[in-house]
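Thanks for asking me to look through this one with you. Below are my notes as numbered points, ready to be read with the structure open.

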Amino acid sequence: MNLAKAIVFDLYGTLFDVHTVARRCDGYYPGRGLDMSVMWRQKQLEYTWLRTLMGQYIPFEDATRDALVYTCERLGLPLSEADRATLCEAYLELAPYPEVPAALRRLQATGLPLAILSNGSAFSIGRVVDGAGLRPHFSHLLSVESVGVFKPHGEVYELACRTLALPARQILFVSSNAWDAAGAAHFGFKVCWVNRNDSPFDELGTRPLMMIKQLDELPALLGG
């Protein structure tokens with residue numbers, strides 16, 4: 001199926017499991033790790049959206065730190081500066097979902113360029129991707145820091161078009177975050193939503209072109 005001339009992936013929650021950090025959290029706060037991770041991730045996202053609306057871009061690491069501070073205060077958990085630094089470091093050591101490495105090898109074999117477009121900083125993207133040994137699969141690791149706003153702002157998706165020298169309609173964007181998939185579809189990308197949790201799609205006036213449960217379903221859809 002000739003869907004696109006390049007594939008662009010979201011990073012957090014799509015290729016890498018953000019709740020890897022739950023194990024680290026549980027080590028500090030036994031029995032609270034998953035609840036803490038879920039709230040931390042939600043506030044992290046909210047802070048990126050709110051900062052963009054406020055016109056106050058900050059590095060992704062700062063939004064991650066601020067979200068952790070809020071989470072611990074909200075849950076009544078003590079947080080020293082040293083523990084905060086160690087827990088935030090966990091976001092630089094995320095694990096890929098189990099099927100991701102093999103799926104990327106198959107997708108790379110199709111000959112299509114693969115790229116990452118992430119809210120993370122160039123530093124955080126590089127640390128996460130290099131830590132998993134996945135950098136050789138990608139032609140570009142694109143960070144929002146070069147445009148100073150977070151997804152789903154259109155300037156972020158435009159960055160992929162400029163870098164790949166392709167119009168939006170020739171790019172397949174892959175994300176597990178429904179809000180991100182909706183934003184990308186609104187921008188004009190072809191979109192594949194990785195619906196890992198059998199969730200309903202967000203009601204934002206768009207729909208993905210394709211829906212899969214795991215990334216290893218995508219190569220077959222592309223004929224790879």
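1. Let's begin with the lining of the largest pocket, which by class has 10 nonpolar, eight polar and four charged residues. Please keep in mind throughout that this is a predicted model. The lining comprises 22 residues, and the pocket has a volume of about 580 Å³. If you want to find the middle of the pocket on screen, look for S176, N177, A178, N197 and S199, the lining residues that lie nearest its centre.

2. Which elements supply the lining of the largest pocket? At least two residues each come from α2 (33–54), α8 (178–187) and β7 (190–194). Helix α2 gives the largest share, five residues. As for where the pocket lies, domain 1 (6–16 + 94–223) and domain 2 (19–91) both contribute to the lining, so the pocket lies between them.

3. There is also an enclosed space to look at: the structure holds one cavity of 30 Å³ or more. About 60 Å³ of space lies in the largest cavity. Its lining is made up of D10, Y12, R41, L45, F60, S118, N119, K151, N177 and W179. By class, these divide into four nonpolar, three polar and three charged residues. Domain 1 (6–16 + 94–223) and domain 2 (19–91) both give residues to this lining, so the cavity lies between them. One residue to note is N177, which lines the cavity and is also among the residues nearest the centre of the largest pocket.

4. Now to the aromatic rings, of which the structure holds 13 pairs. One of them joins Y28 and Y29, with 6.4 Å centre to centre and 40 degrees between the planes, which makes the pair tilted. How exposed or buried are these two tyrosines? Y28 has a relative accessible area of 32%, so Y28 is partly exposed. Y29, at 7% relative accessibility, is buried because the cut-off for that class is under 20%.

5. A second pair worth displaying is W193 with F201. Their ring centres are 4.9 Å apart and their planes stand at 75 degrees, so this pair counts as edge-to-face. Both W193 and F201 are buried. Elsewhere, ring pairs link Y12, W40, F60 and Y91 into a cluster. Two members of that cluster, Y12 and F60, also line the largest cavity.

6. Two charged side chains sit over aromatic rings. K43 lies over the face of Y70, at 4.3 Å from the ring centre. In the other case, the charged end of R196 is placed over the ring of Y97, 3.6 Å from the centre of that ring.

7. A few backbone details deserve a look. The peptide bond from K151 to P152 is cis, with omega near 15 degrees. P152 belongs to the loop between β5 (140–143) and α7 (154–164), while K151 also appears in the lining of the largest cavity.

8. Which residues have a positive phi although they are not glycines? A165 is one of them, with phi of about 55 degrees, and D198 is another, also with phi of about 55 degrees. A165 is found in the loop between α7 and β6 (171–175), and D198 in the loop between β7 and β8 (210–212). Are they buried or exposed? A165 is exposed, with a relative accessible area of 66%, and D198 is exposed too, at 61%.

9. Finally, two residues to compare with positions elsewhere along the chain. L11 sits in the loop between β1 (6–9) and β2 (16–17) and is buried, with a relative accessible area of 0%. Its C-alpha atom is separated by 20 Å from that of R51, 40 residues apart along the chain. F187, in helix α8, is partly exposed, with a relative accessible area of 25%. F187 and H153 are 34 residues apart in sequence, and their C-alpha atoms are 9.0 Å apart in space.

Key: Residues are numbered from 1 along each chain as its sequence is written. This is a predicted model: local features need pLDDT of at least 70, side-chain atom pairs count only at pLDDT 80 or more; totals for chains, interfaces and linings use all residues. Side-chain values use heavy atoms; hydrogens and water are left out. Rings of Phe, Tyr and Trp (its six-membered ring) pair if their centres lie within 6.5 Å; planes under 30 degrees apart count as stacked, over 60 as edge-to-face and the rest as tilted. Buried means under 20% relative accessible area, exposed over 50%, partly exposed in between (1.4 Å probe, protein chains only). A charge sits over a ring if NZ of Lys or CZ of Arg is within 6 Å of the ring centre and within 35 degrees of the ring normal. On a 1 Å grid over the protein atoms alone, a cavity is a set of points where a 1.4 Å probe fits but cannot get out, and a pocket is an open set with protein on both sides within 12 Å along at least five of seven lines; lining residues have an atom within 4 Å of a point. Grid points are joined across faces, edges and corners, and a volume is the space filled by probe spheres set on the points. Helices (H or I, at least four residues) and strands (E, at least two) are DSSP runs, numbered from the N terminus. Ala, Val, Leu, Ile, Met, Phe, Trp, Tyr, Cys and Pro count as nonpolar, Asp, Glu, Lys and Arg as charged, and the others, Gly among them, as polar. Domain bounds come from an automatic or database domain assignment.
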